[in-house]
Amino acid sequence: MQLLRRVPVVEARVFPNPFEVGKGGFVSFAGIQLRSTVKIFSVDGTSIWTGREEWQGALSREVRWSGQNDAGFAVSGGTYIYTITGVDGMILQKGKLTVVH
């Protein structure tokens, strides 16, 4: 029986962090796997926003977040948790993101 070894994943670049909402910018999750999902949660575990990587030409392998929740409202300042999940459902990366106003 042949054993398969999981190939290491290059860590995504998440910037800027901290992120200032309301300045017309966005947080970039760059260098992620194709068809990955980015989820942002409050520190109590409430889902705030979900984005998916899809083929976008020059922007492929990147998801951008404008600082709004899934309902389209700007989030409050504070600390948030993000996860990047591969197409197979495995969490590839997680971390903290600070939002300021």
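What share of the contacts in the protein chain with a separation of 6 or more comes from residues 24 or more positions apart? The answer is 48%, where a contact means heavy atoms within 4.5 Å. With that warm-up done, here are some exercises to work through.

Before starting, note that this is a predicted model, in which local features need pLDDT of at least 70 and side-chain atom pairs count only at pLDDT 80 or more, while totals for chains, interfaces and linings use all residues. Residues are numbered from 1 along each chain as its sequence is written, and side-chain values use heavy atoms, with hydrogens and water left out.

**Exercise 1. Take stock of the chain.**

Work out the secondary structure and the exposure of the protein chain.

Step 1. Begin with the elements: the protein chain has zero helices and eight strands. Here helices (H or I, at least four residues) and strands (E, at least two) are DSSP runs, numbered from the N terminus.

Step 2. Turn to burial: 35% of the 101 residues count as buried. Buried means under 20% relative accessible area, exposed means over 50%, and partly exposed lies in between (1.4 Å probe, protein chains only).

Step 3. Finish with the surface: the chain exposes about 6,700 Å², and carbon and sulfur atoms supply 54% of that area. Accessible areas come from the Shrake-Rupley method with a 1.4 Å probe; for residues, only the protein chains shown count as cover.

**Exercise 2. Assemble the sheet.**

Find the strand order of the five-stranded sheet, then trace its pairings.

Step 1. Recall the principle: strands of a sheet pair through backbone hydrogen bonds, either parallel or antiparallel. In this exercise, two strands pair if DSSP finds at least two bridges between them.

Step 2. Write down the order: the sheet is open, runs β2-β8-β7-β4-β5 and has mixed pairing. β2 and β5 stand at the edges with a single partner strand each, so one side of each has no neighbour in the sheet.

Step 3. Start from β2 (residues 19-20), which runs parallel to β8 (residues 91-100) and is joined to it by two bridges. In this pairing, Glu20 stands opposite Val100.

Step 4. Move on to β7 and β8, which run antiparallel and are joined by eight bridges. The two strands form a hairpin with five residues between them, and Gly89 in the turn has a positive phi of about 90°. Bridge partners here include Tyr82 with Gly95 and Thr83 with Lys94.

Step 5. Add β4 (residues 37-42), which pairs with β7 in the antiparallel sense over six bridges. Ile40 has Tyr82 as its bridge partner, and Phe41 stands opposite Ile81.

**Exercise 3. Classify the aromatic pairs.**

How many aromatic pairs does a search of the whole structure find? Describe two of them.

Step 1. The search finds four. Rings of Phe, Tyr and Trp (its six-membered ring) pair if their centres lie within 6.5 Å; planes under 30 degrees apart count as stacked, over 60 as edge-to-face and the rest as tilted.

Step 2. Take Phe29 and Tyr82: their ring centres are 5.4 Å apart and their planes are at 70°, so this pair is edge-to-face. Phe29 lies in β3 (residues 27-30) and Tyr82 in β7 (residues 78-85), so the pair ties together parts 53 residues apart in sequence. Phe29 is buried at 0% relative accessible area, and Tyr82 also counts as buried, at 7%.

Step 3. Now take Trp49 and Trp65, a tilted pair with 6.1 Å centre to centre and 40° between the planes. Trp49 sits in β5 (residues 47-52) and Trp65 in β6 (residues 62-65), 16 residues apart. Both Trp49 and Trp65 are buried.

Step 4. Look for a wider network: ring pairs link Phe19, Trp49, Trp65 and Tyr80 into a cluster.

**Exercise 4. Locate the salt bridges.**

Identify the two salt bridges of the structure and state how exposed each partner is.

Step 1. Apply the criterion: a side-chain nitrogen of Lys or Arg within 4 Å of a carboxyl oxygen of Asp or Glu.

Step 2. Glu20 and Lys23 meet in a salt bridge at 3.9 Å, N to O. Glu20 is partly exposed at 38% relative accessible area, whereas Lys23 is exposed at 60%.

Step 3. Arg64 and Glu62 form a salt bridge whose closest N and O atoms are 3.4 Å apart. Arg64 counts as partly exposed at 40% relative accessibility, whereas Glu62 counts as buried at 14%.
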